[in-house]
Amino acid sequence: MTLSQLEIGEQGIIKEFTDLEMSVKLMEMGCLPGEVVKVDRVAPLGDPIAVSISGYQLSLRRKEASTIELI
Amino acid sequence: MKNKLRVALVGNPNTGKSTIFNALTGLNQKIGNFPGVTVDKKSGVSKLADGRAIEIVDLPGTYSLYPKSADETIVFEVLSDKNNSSHPDVVVIVADATNLKRNLLLYTQISDLGLPVIIALNMMDLALKSNMEIDVDTLAKLLNVQVVELAARKSQGIEGLKKAIEFQSLIPLQNSTIDVEVIAPDLIKDLSDLLGVDNPYVALQIAHQYKNLKYLSKARINQIESLKEKYDFHTQKSQAAETIARYNYINEVLIDTVTYKSVALEENISNKIDHYLTHKVWGFVIFIAILFAIFQSIFAWSEYPMAIIETVFVWLAEMGHQYLPSGILTDLLVDGVLAGLSGVMVFIPQIALLFAFISILEDTGYMSRVTFMMDRLMRKVGLNGRSVVPLIGGLACAVPSIMSARTIENWKDRIITIMVTPLVSCSARLPIYTLLISLVVPKKMLLGFINLQGIALMSIYFLSVFMAILVAWVMKGLIRSKLKGYFIMELPVYRMPRWNNVGITMLESVKTFVTQAGKVIIAVSIILWVLASYGPSNKFDKIDQKYQSTDFTKNYSADQIKRFKSSEKLENSYAGLLGKSIEPSIKPLGFDWKIGIALITSFAAREVFVGTMATLYSVDGDASKMESVKEKMANAKNTETGLTVFTTATAFSLMIFYAFAMQCMSTMAVVYRETKNIKWPLIQFAYMLVLAYVSSFVVYQLLS
């Protein structure tokens, strides 16, 4: 299960990343293994999505969200 | 005497860093450049309680020392190079208290560089409101740094920060955060020896960033390269290991210092607002409504101040002609410089308003929502959600907007954004539009509240944005690239705009406009006045003789003769001859030779158009009657046909020409600087000229 598969309002816990390059950027922004991530909103045209993570809101594209594996 | 103590402000974006900078320096700030790069350097002077004046340098906002954009590379460059002219004695790290974990990442990195640091814990008021308790004393003890609590928006804590700076030791005393050497022990050791660096984290960062660092020589870069290969150093793996280690450290610190009581309230409000502002339908409706309101207000609110400025200049010109000794110098001063200046100064209210609105959109956090909503659409046409900021910023000025395209990491997205941004109508075109619209569009209200002139103006703006998107879409197919782009962006909570910042932005924009544009305009006005007042002497002599003949003196009054004469002289002046020489090529667009002169003079900067018109029609006009530029243009008649020059067709054709043509030397210079290839500004100039010519031709032929 990846982050991109969650519906609005659903949440999960980050397990690992499938893309090294992306993982470095995501981790700097506070997306770390063990963190709870919740989908808050989807942009009007279906992409990108907005998620809550470590106390703030982050937007990322679905393609990027699909590199985040959830527990 | 020792130089002033230099303090650098560093922090994540959206932490209130610039509010703190403004609070510390007030209006004592200047914008310059970091040596060797084109990043804006904001610096200012602040006074401490003990009377010392210190220099404050505001470094670009960043989430980490690992740069993701061109702007961010400057942070490590300045902090790691002791010889850099901006290298600070003390670093103040501005952190958002409501988002401490992510903000402390940057702290741990900078702290490990071995510079004296202070933490400015901003937004403490919001942290309290969100039922989050931060034990500041314990935090300070654990890290062994000064931690200052601030609520900069409420101007709380600034004095405390100044006090902390006053008492800050100039030797770094903070505890080290993670064991850096463990990440790449041999490489760090060899690099430290090679470069004479005594800090392991500086060495490690250099191993990552050596290619971007301006202070390293070519030979050094090659040496580092081979060391990197020798130890098989993998940048991303090392960075991932480091980031995880840092967060482990941060988590340990936070366990003892922060307690959460319940969910953040502020964020809930932001979520509720976003429910509407980024709604499938309402999101776009509201966005367009906001733009609409902005353009309506620019027209409505600037009317009164503009009228005052106009009156003042007309009065000045009248006084000049009345009280200054008549002669060439007075003519030059009044008809050349003053007329040119007045044509431009009149637009200060509009430019100030436009910049104010854009800064409000950014300040409240709405601009990132627009980015969020538009990303999908922008991607389709070869742009990126982040392109929205340069494009909207393009409404103010293409130069800073093209520089702001640095936040786009993907090369192709960035090039396309740079190529189309100058198509978006900037504030320099605003005077041209408003002048021409007021000439041909009646000042009427539709349905009692919609200003018809406002609609015309907005349509031009929409057309310019539409054209930018269309061209981007075409370029998407023409430019090839294999790099993948990404879009990871913080959505800050909604905040009230900081009126203080808005005010400073307005002031700065007007100052830049007046000094930058003013210089060019005065120079061009003088040249133009000379060109318009003098011509080949044989021709001028003939005109003088012609009007001295009895045919004229009998039939016409002295005043009328004077007017005929000056208008014929203008036509035969150097400027007139120049305009006439290009007239055949611009006639299909509905332009006469006078507009031709304006096109030539405004090649360097569009701002010159209105000034040129003012100067040309002042030379031509009846000296005893003072009119504003607008009246002069409205009364202008074609010298051959006797028909009004500014018909609806000509006015719109001219507006379209100015909308699409690249008439800005500064933009071309900045495109060259940003792309480092002369090819791009040249392509841009050529395609925009063709586009402008063809579109103007179509518009004129359709309307006339």
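Analyst: A residue is called buried when its relative accessible area is under 20%, exposed when over 50%, and partly exposed in between, using a 1.4 Å probe and protein chains only. This is a predicted model, in which local features need pLDDT of at least 70, side-chain atom pairs count only at pLDDT 80 or more, and totals for chains, interfaces and linings use all residues. Residues are numbered from 1 along each chain as its sequence is written, chains are lettered from A and ligands numbered from 1 in the order in which they are written, and side-chain values use heavy atoms, without hydrogens and water.

User: Which residues are buried in α31(B)?

Analyst: An α-helix has 3.6 residues a turn, so residues three or four places apart point the same way. In α31(B), a DSSP run (H or I, at least four residues, numbered from the N terminus), the buried residues include Gln684(B), Tyr687(B), Met688(B) and Leu691(B). The buried residues of α31(B) pack against α18, α20, α29 and α30 of chain B.

User: How many residues does the contact take from chain A and from chain B?

Analyst: Contact means heavy atoms within 4.5 Å, and here 33 residues come from chain A and 42 residues from chain B. In chain A, Glu28(A), Pro44(A) and Arg61(A) lose the most area to chain B.

User: How many salt bridges does the rule find across this interface?

Analyst: With a side-chain nitrogen of Lys or Arg required within 4 Å of a carboxyl oxygen of Asp or Glu, the rule finds 5 salt bridges between chain A and chain B. Arg61(A) and Asp375(B) meet in a salt bridge at 2.8 Å, N to O.

Conventions: Helix = DSSP H or I, 4+ residues; strand = E, 2+ residues; numbered from the N terminus. Buried area = accessible area lost by both parts, 1.4 Å probe.
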